[in-house]
Each structure stands twice: as C-alpha cells, then as structure tokens.
Amino acid sequence: MVFWFPAPPQVPVLQINNGPSLSGLVTIATHLVQEAKRPELLGDSAEQRAVVQQWLEYRVTKLDNCPKEEIKTILKDLNQYLEDKVYLAGNNFTLADTLMYYGIHHIMVDLTVQEKEKWANVSRWFDHVQHYPGVRHHLPPVVVSRNRLYTGGHH
Amino acid sequence: MNLFVSEGNPHCVKVLAAVELTGVKCDISHVNHEERVVPYLSRPTLPALALPSGLHLFSPNAICRFLFEASGREASSLANQWLEWEATELQPALAQALHLSALQGKRTEAATALQVPLSVLEQGLRKRATPFLSGEEVSVADIVLWGALYPVLSDSSFMTGELAQVGGWFQRVALLPACQSAVRAVLTGKGAESQLKAYLQKQPAPHAQRREAQPCN
C-alpha cells in the first residue's frame, strides 16, 4: 500500500489492512475508538463530539511544542475552563481526557506543590484521569494533594 | 446558538461558509478582533460559537465539524485527517506566509513557506482523483482548507503550474454560493486587503516552526 498522504516526521501513521493509511494522532485515535465500538468516548451528542474534537485539536496544536512562556497561559485557561467540570467534555470521560492527560503529563510532573494548588482545577482533573482505569499505563503517577497545604494564595 | 465573527479573519470565512452550506440556524454577531467572547480564554479568540448548553466552541474547525454534523453529515476518517493536517501542518506555514506577504511584502519568501504543504495537498488530490478532498461531494475538510487558503490562493500569482490539482479544487470550492457569500461577509470588497492586514497585526508573530520529538502515545 502506497502512503498517499506524506506524513511529516514524528507524525504517527496507521496502516490499515484493507484501506489506505491514516496519519495524525487525533485522526488515528478517533478511528481506533470507532473501530473498538466505543462511540461514547467521542461524546454522546453532536455538541459533546464537537467539544471532544476541539480539545483533541488543542492537544496537538497548542499543547504540543508549546513554548515555555505559554505554559502558564494554558494552565490558567484550562483551570478556568475546568472550574465547573469533572472532565473536559463535562461529566463523561472521553478520548479528549486521555490525550490531554498524555500531552500535559510532562508539565504536571514539573509543577511545585504551590503551583498544583494554584491550578487546583487542573490538578483535580489530572488526578481523576490518572486514576481512571486503563489510562496511566507506564507514566509515573503525579502526586496531587487533596487537602490544601497553603492558604491565602489567590486564584 | 450565536456565532461570533470578526472581519478580515480567514477562520471566520470557514465558519460562515459552513453555516451557509449546512443551513444550520444560528445568529451571527460581528464583533471586534479584541472582543473576548469565550469567558475562560485569556486571549480573544474568534470565531466562537455559543452552544445552546452554554458551552463555547473556540476552534474554527470544531465549529465547522459541529455544523456539518448537525446537518447530518459526519466527517469521515479521511476528512478528519485533512482537518488535523490543516491545524497542525498548514496553519503554522500559513501564519508565516501571510505575515511575510501581507505585512512585509515578501511574496517570494511567502510562497517558499507554503511549498511543502501545497505539494502535500496536490499529491493528495492527485492520488484520490475525486473532485473534493474526501470524495465526490463537498465535505467539512474542503470548506476548512479552502477558507484557510483563501487569502493566498485567491491571489493567482501564488498558483504555479505544479499545482494544477490544487488550482482546480480551489476553484470548485470557491464557486459554491455558500463560499462566495462567506467571503463577502468577512472580506468586504475593496477593503479586503487592509482588513486582512488589520487582523494579522493583532495576531502573535509566528515563530519559526519547530517540531520536537513528542512522546508518541
């Protein structure tokens, strides 16, 4: 099978037995979820599916290769967004949580205890996801304290 | 549903074309580039779609995908692949090219910045040999890529002989009435160039593209 779509280096490619290959992390992950007959992981309404795709896109466009000085803005925005949500698409765990978890893990590992408290909603979400069955795999768990150690910091 | 757009912004061309093409009902508000519509984002981000649930979509591609799905047209894996490519590969190159051509007048350099993505598009169209990117009918991928490329490809000097397929495809999409009216709504006639400039000046300067090894999960 010829790769009709020339994938740039570092972009994953999935070779499918009876069809053309697919490239791109989001495309492949979405395709595999459909193949696995787990459509709920892509969202259970048109609205939710759009929200899931939006965060998948966010992972590969904003989070990946993000310059150091951008990390704070990303954490701030995510923290605000997650204020009233358990997961990225609301109350249900979706593919967006898995891919954002893998994309943000290296940032969470480096946060100090104070920073984890500052971005409390991100930390809470991250902790939920890393404990979600089957998500964490080989990645080291990140310690997130459930009790506030510092007070008086503003959010 | 309320869709917020600003003039001169190529991403708004995409979403307005998708609204027209799908016929999904939504109110359209024209706002300033600096308007912060999405409450949780630090930077003004347009277009944005306020959904009935109160949630906001801030990714133009997610908005287009939603409108297509709401009208019963779900994106295929092939269309998904083009959407992801547009966001991760084409957009960084386009940001650079538009910056070079519209703000600095460096047209040759701008064409060079787009060489690789345009040849990928050319190859993709040639291999598939269908009128549109993912088949016989126009899909969300065509609207998104056409809208993204509109500021450069509507200027015929960017078109070279090696891009015959791209040229044909671009014309096919551009001739759709939905696309023509979207262009009119965002880039209003003779002021189009200065509107695009005004939009670009509000964007962060594109930094040289870099792709580092990512953990592949």
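**Exercise 1. Classify the burial of Glu69(B), and identify its salt-bridge partner and the elements that the pair connects.**

Step 1. In this predicted model, Glu69(B) has a relative accessibility of 14%. Since buried means under 20%, Glu69(B) counts as buried.

Step 2. The partner is Arg49(A), whose side chain meets that of Glu69(B) in a salt bridge with an N to O distance of 2.6 Å.

Step 3. Arg49(A) belongs to helix α2 of chain A, and Glu69(B) to helix α2 of chain B, residues 60-70; the pair therefore joins two chains.

Step 4. Arg49(A) has a relative accessibility of 26% and counts as partly exposed, whereas Glu69(B) is buried.

**Exercise 2. Determine how many salt bridges cross the interface of chain A and chain B, and describe the one formed by Arg43(B).**

Step 1. Two salt bridges are found across this interface. A search of the whole structure gives eight over all chains.

Step 2. Arg43(B) pairs with Glu70(A), and their closest N and O atoms are 2.7 Å apart. The applicable cut-off is 4 Å.

Step 3. Arg43(B) is located in the loop between β2 (27-30) and β3 (48-50) of chain B, while Glu70(A) is in the loop between α2 and α3 of chain A, so this pair joins two chains.

Step 4. Arg43(B) is partly exposed, at a relative accessible area of 42%. Glu70(A) also counts as partly exposed, at 23%.

**Exercise 3. Characterise the interface of chain A and chain B by area, residues, polar contacts and contributing elements.**

Step 1. The size of an interface is often expressed as the accessible area lost when the parts come together. For chain A and chain B the buried area is about 3,900 Å², with 57% of it on carbon and sulfur atoms.

Step 2. Chain A contributes 47 residues to the contact and chain B contributes 41 residues.

Step 3. Across the interface, 13 residue pairs are in polar contact, with both residues at pLDDT 80 or more.

Step 4. On the side of chain A that touches chain B, at least two residues come from each of β2 (22-23), α1 (25-35), α2 (46-63), α3 (71-81) and α4 (95-110) of chain A. The largest share of that side, 13 residues, is supplied by α2(A).

Step 5. Sorted by class, the side of chain A that touches chain B comprises 23 nonpolar, 15 polar and nine charged residues.

**Exercise 4. Locate the salt bridge between Glu86(B) and Lys14(B) within the fold of chain B.**

Step 1. The closest N and O atoms of Glu86(B) and Lys14(B) are 2.9 Å apart, and the two residues form a salt bridge.

Step 2. Glu86(B) lies in helix α3 of chain B, residues 77-104, and Lys14(B) in helix α1 of chain B, residues 10-22. The pair links distant parts of the chain, 72 residues apart.

Step 3. Both Glu86(B) and Lys14(B) are buried.

**Exercise 5. Establish how many residues of helix α6 of chain A are buried, and which elements are among those covering them.**

Step 1. Helix α6 of chain A spans residues 120-130, and eight of its 11 residues are buried, so that the helix is mostly covered.

Step 2. Among the buried residues of α6(A) are Trp125(A), Phe126(A), Val122(A) and Asp127(A).

Step 3. The cover over the buried residues of α6(A) includes α3, α4 and α5 (113-118) of chain A.

**Exercise 6. State the number of disulfides, and examine Cys64(B) in this regard.**

Step 1. A disulfide is a covalent bond between the sulfur atoms of two cysteines. The structure holds zero disulfides over all chains.

Step 2. The cysteine sulfur closest to that of Cys64(B) is in Cys12(B), at 10 Å, which is too far for a bond.

Step 3. Cys64(B) is buried at a relative accessible area of 0%. Cys66(A) is likewise buried, at 15%.

**Exercise 7. Assign the backbone features at Pro47(B), Asn65(A) and Ala129(B) to their loops.**

Step 1. The peptide bond from Leu46(B) to Pro47(B) is cis, with omega near 0°. Pro47(B) is in the loop between β2 and β3 of chain B.

Step 2. Asn65(A), a residue other than glycine, has a positive phi near 60°. Asn65(A) is placed in the loop between α2 and α3 of chain A.

Step 3. Ala129(B), also not a glycine, has a positive phi of about 55°. Its loop runs between α4 (107-128) and α5 (140-153) of chain B, and Ala129(B) is exposed, with a relative accessible area of 62%.

Methods: Residues are numbered from 1 along each chain as its sequence is written. Chains are lettered from A and ligands numbered from 1 in the order in which they are written. This is a predicted model: local features need pLDDT of at least 70, side-chain atom pairs count only at pLDDT 80 or more; totals for chains, interfaces and linings use all residues. Side-chain values use heavy atoms; hydrogens and water are left out. Contact means heavy atoms within 4.5 Å. Buried area is the accessible area (1.4 Å probe) that two parts lose on being put together, summed over both. A polar contact is a pair of N or O atoms within 3.5 Å; within protein, one must be able to donate a hydrogen and the other to accept it, and residues adjacent in sequence count only if both atoms are side-chain atoms. Helices (H or I, at least four residues) and strands (E, at least two) are DSSP runs, numbered from the N terminus. Ala, Val, Leu, Ile, Met, Phe, Trp, Tyr, Cys and Pro count as nonpolar, Asp, Glu, Lys and Arg as charged, and the others, Gly among them, as polar. Buried means under 20% relative accessible area, exposed over 50%, partly exposed in between (1.4 Å probe, protein chains only). A disulfide is a pair of cysteine sulfur atoms within 2.5 Å.
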